[in-house]
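Here is a friendly note for your first read through this structure. Keep the 3D view open beside you and find each residue as it comes up.

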Amino acid sequence: MKLRYAGNNDSETVMDVTVRNSINWIEIMLATLLILSICVALYFYIQHRRHSNKSTRGHDDSAQTDANQPVYAAENDHQEKYRTTRLSDKECRALHKKLEELMKTQKPYINADLKIADLAVPLSTSAHTLSFLFNQYLKKNYYDYINEYRVAEFKQMVSAGDTSRYTLTAMSERCGFSSRASFFRHFKKFTGITPSEYIKAHQK
């Protein structure tokens, strides 16, 4: 391209002008790759979020199932355990009466190693039947039943004025408790106070 002022030939200037291609394929490819990369990243991000949400819901569902499972399992265990045991109310009352007489006359509960099978022998019954009586008829387990008698025995000793002759540990052993900790735990469970508090409240 030649340029000059009008009427002045000496002012002529020569310029080289290059017209570039209006379409830059390299830039288009780079832009396309960038867009694809963004789309792929978004896709994996969305998939990850969905997977995380499903995992969380699945964990919550399983947690709820696990939380409920022991209840259902316990019910099923009881039903299955006593499926072959059928005692009428009359039979339960008779067995309960024999059990109460045995506990009051022979005091088997003072034996710290007493097992339900040992208790069943003098009653001429089985441990399974006796377990049915406790759980289905009396609505309490074997250990609570026995420990209630042990706590009552301790109260009787306090009423008799034996507290000065023995330590609390010795008294708990005489009542059938295997340890001082077990004695304190069950005594407070059934009375709401400690043995020492009970003695103090009933001292003459």
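The numbered points below go from the whole chain to single residues.

1. Let us begin with the overall picture, remembering that this is a predicted model. The protein has eight helices and two strands. If you walk along the chain from the N terminus, the order of elements is β-β-α-α-α-α-α-α-α-α, so try tracing that path on the screen before you go on.

2. Next, think about inside and outside. Of the 204 residues, 24% count as buried. The protein exposes about 15100 Å², and carbon and sulfur atoms supply 54% of that area. For contacts with a separation of 6 or more, 57% are between residues 24 or more positions apart.

3. Now look for the largest pocket. A helpful idea here is that rolling a probe the size of a water molecule over the atoms shows where empty space is left. The largest pocket holds about 150 Å³ of space. Its lining is made of 14 residues, and those nearest the centre are Ala-112, Leu-114, Tyr-143, Asn-147 and Arg-150.

4. Which helix gives the most to the lining of the largest pocket? That is α5, with five residues. Both α5 (142–159) and α7 (180–191) supply at least two residues each. Sorted by class, the lining has six nonpolar, five polar and three charged residues.

5. Stay with helix α5 and find Glu-153, which has its place there. Is Glu-153 buried or exposed? Its relative accessible area is 14%, and buried means under 20%, so Glu-153 is buried. Leaving out residues up to four places away in sequence, Glu-153 touches Lys-107, Tyr-109 and Cys-175.

6. From Glu-153, move to Met-171, which lies in helix α6 (residues 168–175). These two residues are 18 apart in sequence, and their C-alpha atoms are 9.4 Å apart in space. Met-171 has a relative accessibility of 1%, so it counts as buried. Setting aside residues up to four places away in sequence, the contacts of Met-171 are Phe-154, Met-157, Val-158, Asp-162, Thr-163 and Tyr-166.

7. Aromatic rings make good landmarks. A search of the whole structure finds 12 aromatic pairs. In one of them, Phe-134 and Tyr-145 have ring centres 4.9 Å apart and planes at 45°, so this pair is tilted. Phe-134 sits in helix α4 (residues 127–137) and Tyr-145 in helix α5, so the pair ties together parts that are 11 residues apart in sequence. Both Phe-134 and Tyr-145 are buried.

8. Compare that with Phe-154 and Phe-187, an edge-to-face aromatic pair with 5.3 Å from centre to centre and 80° between the planes. This pair links distant parts of the chain, as Phe-154 is in helix α5 and Phe-187 is in helix α7, 33 residues away. Phe-154 and Phe-187 are both buried. You met Phe-154 above, among the residues that Met-171 touches.

9. Ring pairs can also join up. Which residues do they link into a cluster? They are Tyr-109, Phe-134, Tyr-142, Tyr-143, Tyr-145 and Tyr-149. Some names here are familiar: Tyr-109 is touched by Glu-153, and Tyr-143 is among the residues nearest the centre of the largest pocket.

10. Two loop residues deserve a look at their backbone. Ser-124, in the loop between α3 (116–120) and α4, has a positive phi near 55° although it is not glycine. Lys-139, in the loop between α4 and α5, also is not a glycine and has a positive phi of about 60°. With a relative accessible area of 69%, Ser-124 is exposed. Lys-139 counts as exposed too, at 61% relative accessibility.

11. Finish with Pro-108, which lies in the loop between α2 (89–106) and α3. Is this loop residue buried or exposed? Pro-108 is buried, with a relative accessible area of 17%. Not counting residues up to four places away in sequence, Pro-108 touches Leu-102, Met-103, Leu-114 and Leu-119. Of these, Leu-114 appeared earlier, among the residues nearest the centre of the largest pocket. Pro-108 and Gly-176 are 68 residues apart in sequence, while their C-alpha atoms are 8.8 Å apart in space.

Notes: Residues are numbered from 1 along each chain as its sequence is written. This is a predicted model: local features need pLDDT of at least 70, side-chain atom pairs count only at pLDDT 80 or more; totals for chains, interfaces and linings use all residues. Side-chain values use heavy atoms; hydrogens and water are left out. On a 1 Å grid over the protein atoms alone, a cavity is a set of points where a 1.4 Å probe fits but cannot get out, and a pocket is an open set with protein on both sides within 12 Å along at least five of seven lines; lining residues have an atom within 4 Å of a point. Grid points are joined across faces, edges and corners, and a volume is the space filled by probe spheres set on the points. Helices (H or I, at least four residues) and strands (E, at least two) are DSSP runs, numbered from the N terminus. Ala, Val, Leu, Ile, Met, Phe, Trp, Tyr, Cys and Pro count as nonpolar, Asp, Glu, Lys and Arg as charged, and the others, Gly among them, as polar. Buried means under 20% relative accessible area, exposed over 50%, partly exposed in between (1.4 Å probe, protein chains only). Contact means heavy atoms within 4.5 Å. Accessible areas come from the Shrake-Rupley method with a 1.4 Å probe; for residues, only the protein chains shown count as cover. Rings of Phe, Tyr and Trp (its six-membered ring) pair if their centres lie within 6.5 Å; planes under 30 degrees apart count as stacked, over 60 as edge-to-face and the rest as tilted.
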